[in-house]
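Hello,

Here is the structure I promised to pass on to you. Have a look at it first, and below it you will find my notes on what turned up.

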Amino acid sequence: MPLTSDLTLDASKFQPKAITQQTNDFNAGLIKIMQNGPRWWEVGAEKYRQMRWNGETPLPKPVVLDAAKNTTLPSRDKDRGIPCRVFQPEGGKPKGLFYHIHGGGWVLQSEHYQDTMLKFLADQCQLTVLSVGYRLAPEDPYPAGNEDCFDVGEYLVDNAERDYGAPLLFMGGDSAGAHLGVLATFYLLQTRPGFAFKGLVLNFGAFDLSGFLPQTWHFELSLVLDVGIMQKYLEAYLPGKTQEQRRDMWISPFFADLTKFKLPSALFTCGTLDCLLDDSVLMSAKWSMAGAESILKVYPGAPHGFVFFPPGGTAETQKGLDDIVMYMSERI
């Protein structure tokens, strides 16, 4: 009987031949689109956010749905609320609440930018979905955004069933939001030790901010995200922090001793054409090594941000969404 590995990956998914022509064509078009227009650090974060909202950047204008309700939840700071956006499922009482944290490199986007995806998840999983509008860098660098995510998490642990008719069951986010989701998990495990998530949904997260894992440095495509863009984000989010300081677990959760936590189940998703691929693969392995359930789903050729791309682009988008629905539905 041959010797088998204790760690198993489907290597075929990581090979270029696994990428469909449809996905290759979509990526080529996306690279071409992204070559036009200014970068956020060239015009300033505040101006770029407004340009993005107005549809004045190469990326399409965000789709904002009337189905959502805007609300405000309390923060640790007196007289300052945290904006949030809430979707209720169609077709009956929610079975639970999913707490979502948006991406954007800790600098861009808001709770209004993933309406289509969040409405889909609300309806398909029969969950209330709440997305937090945490403070952004460079105006409010670390730890401001983190604290907002922590505060909303605590509020939902304590009050979700009273306010929304269902308990907090899941948390997750995309890119910077996945990073903040892991940190919020660490925080809630300390401040609300009697609480336990049913699961985390961590899409293409950044888990090592100390100097980046090898895929970030080796990634040569100008496909949504690369090492230069990541460096600009971290200059805004972590001004003045040394590499050693960035290894703090509250900045780089990859450096946390995960064995000290009773971790919930986690789903890690990432495309193979994402400069943060190593983050998901290695963090999912560390999660499993700590004794928690860890599910890694890899999508051939999918770029960073693929789960909220419009239909008809890459088929990996719908596959990713369907996997997220299956993961949460199985655990409700």
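Let me begin with the second largest pocket, which has a volume of about 230 Å³. Please keep in mind throughout that this is a predicted model. The pocket is lined by L7, T8, L9, V281, L282, S284, A285, S288, S294 and L296. Two elements, α9 (277-289) and β8 (294-303), each give two or more residues to that lining. The top contributor is α9, with 5 residues. If you are thinking about the chemistry of the wall, the lining residues divide into 6 nonpolar and 4 polar, with no charged residue. As for how such spaces are found in general, rolling a probe the size of a water molecule over the atoms shows where empty space is left.

**Aromatic rings**

There is plenty to look at here: the structure holds 18 aromatic pairs. One of them is F26 with F309, a tilted pair whose centres are 5.4 Å apart and whose planes make an angle of 45 degrees. That pair links distant parts of the chain, 283 residues apart: F26 belongs to helix α1 (residues 21-34), while F309 is in the loop between β8 and α10 (316-331). Is F309 buried or exposed? F309 counts as buried because its relative accessibility is 17%, which falls under the 20% cut-off.

A second tilted pair is formed by F204 and F306, at 5.9 Å centre to centre and 55 degrees between the planes. F204 sits in the loop between β6 (199-203) and α7 (214-218), and F306 in the loop between β8 and α10, so this pair ties together parts that are 102 residues apart in sequence. Both F204 and F306 are buried.

Ring pairs also join F150, F186, Y187, W250 and F261 into a cluster. On the subject of rings, one contact with a lysine may catch your eye: K286 lies over the face of F254, at 5.3 Å from the ring centre.

**Helix α6 and the residue before it**

Helix α6 covers residues 176-191. Its 16 residues reach 22 Å from the first C-alpha to the last, close to the 22 Å expected at 1.5 Å a residue. Most of α6 is covered, with 13 of its 16 residues buried. G181 is found in this helix, and it counts as buried because its relative accessibility is 1%, under the 20% limit. If you want a distance to check, the C-alpha atoms of G181 and L273 are separated by 23 Å, with their positions 92 residues apart along the chain.

S175 is found in the loop between β5 (168-174) and α6. Its phi is near 60 degrees, a positive value in a residue other than glycine. S175 is buried, with a relative accessible area of 11%.

**Backbone details elsewhere**

D79 also has a positive phi, of about 65 degrees, although it is not a glycine. Where does D79 lie? D79 is in the loop between β1 (69-74) and β2 (81-87). Its relative accessible area is 76%, so D79 is exposed, the cut-off for that being over 50%.

Two cis peptide bonds are worth a click. One runs from A137 to P138, with omega near 5 degrees, and the other from Y142 to P143, with omega near 10 degrees. P138 lies in the loop between β4 (128-132) and α5 (144-164), and P143 has its place in the loop between β4 and α5 as well.

**One more residue**

Last, Q124, which has its place in helix α4 (residues 115-125). Q124 counts as partly exposed because its relative accessibility is 47%, a value between the 20% and 50% limits. The C-alpha atoms of Q124 and E90 are separated by 8.9 Å, and the two residues are 34 apart along the chain.

Happy browsing, and best wishes!

Methods:
Residues numbered from 1 in each chain as written. Predicted model: local features only at pLDDT ≥ 70, side-chain atom pairs only at ≥ 80, totals over all residues. Heavy atoms only, no water. 1 Å grid on protein atoms, 1.4 Å probe; cavity = no way out; pocket = protein on both sides within 12 Å on 5 of 7 lines; lining within 4 Å. Points joined across faces, edges and corners; volume = space filled by probe spheres on them. Helix = DSSP H or I, 4+ residues; strand = E, 2+ residues; numbered from the N terminus. Nonpolar A, V, L, I, M, F, W, Y, C, P; charged D, E, K, R; others polar. Expected span 1.5 Å × (residues − 1). Buried < 20%, exposed > 50% of the residue type's maximum accessible area, 1.4 Å probe, protein only. Phe/Tyr/Trp six-rings, centres within 6.5 Å; stacked < 30°, edge-to-face > 60°. Lys NZ or Arg CZ within 6 Å of the ring centre and 35° of its normal.
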